[in-house]
Amino acid sequence: MPFERPKELLKPVKRRFIYLTFVIAVLAELIPLPAGSTRWLPDLIGLLLLYWVINQPRRINIGSAFLLGLVADVATAGLFGQHALAYSITSYLALRQQRQLVMFNLGQQALAVLGLMLANQAIMVAVRMVSGAAFVGWGYFLPPLIAALLWPLLTKLLLLPYRQHSV
């Protein structure tokens, strides 16, 4: 199958690399884009957070998710705490099933990520509606689908530096 996990051993992941990926994701959130283009873009910080929670649960956990959520709230100028709450809950859900998720192939993982990212968006919509905002529309739930489609590519890219090259 094309979505199979690699069978070779991987080098250990460096903490610096994990932090660098989050810095790049936050900087990507800060890039000014045309008004209509943000409707389909996935939450890169949330997607990376799920990747690292699933693949490195001892290094990135619910506390990290909460802190990254606060950073995302500041970066996106959103309601303070909504990303932190959503990231914490979705990280908890991912950690509950982490041992199963790492055994799935990339297609199955993408489906799980779709569910987690939909939960993430639903929590953010609920927080906004509780604070008095109107429902943003069903188009708000398109980015999780894009994120699930990008999951195999993201996984392949983040594994590239850690593959053992046999000589």
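At the start of helix α6, the side chain of N105 places an oxygen within 3.1 Å of the backbone nitrogen of G107. This contact belongs to a predicted model, in which α6 covers residues 106-130. The helix contains 25 residues, and the distance from its first C-alpha to its last is 35 Å, close to the 36 Å expected at 1.5 Å a residue. After α6 comes G132, which has a positive phi near 110°.

The buried residues of α6 include the aliphatic side chains of L106, V113, L116, I123, V125 and V127. A110 is also among them, as are the methionines M117 and M124. Residues with amide side chains are found in this buried set as well, namely Q109, N120 and Q121. The buried residues of α6 pack against four other helices: α2 (44-55), α4 (82-96), α5 (98-101) and α7 (143-159).

Within α6, N120 was examined individually. Its relative accessible area is 1%. Because buried status requires a value under 20%, N120 is classed as buried. When neighbours within four places in sequence are left aside, the contacts of N120 are with D43, A86, Y87 and T90. Of these partners, A86, Y87 and T90 carry numbers that fall within the 82-96 range of α4.

A second buried position was examined in helix α1, which spans residues 15-30 and contains A25. The relative accessibility of A25 is 4%, and A25 therefore counts as buried. Not counting residues up to four places away in sequence, A25 touches L44, I45 and L48. The numbers of these three partners fall within the 44-55 range of α2. For one of them, L44, the C-alpha atom is separated from that of A25 by 5.7 Å, although the two residues are 19 apart along the chain.

At the level of the whole chain, seven helices and zero strands are present, giving the pattern α-α-α-α-α-α-α when read along the sequence. The chain comprises 167 residues, of which 40% are buried. Contacts between residues at least 6 apart in sequence were also considered, and 70% of these join residues at least 24 apart. The exposed area of the chain is about 9700 Å², with carbon and sulfur atoms supplying 70% of this area.

Note on methods: Residues numbered from 1 in each chain as written. Predicted model: local features only at pLDDT ≥ 70, side-chain atom pairs only at ≥ 80, totals over all residues. Heavy atoms only, no water. Helix = DSSP H or I, 4+ residues; strand = E, 2+ residues; numbered from the N terminus. Buried < 20%, exposed > 50% of the residue type's maximum accessible area, 1.4 Å probe, protein only. Contact = heavy atoms within 4.5 Å. Areas by Shrake-Rupley, 256 points an atom, 1.4 Å probe, with all protein chains shown as cover. Expected span 1.5 Å × (residues − 1). Polar contact = N/O pair within 3.5 Å; in protein donor to acceptor, adjacent residues only side chain to side chain.
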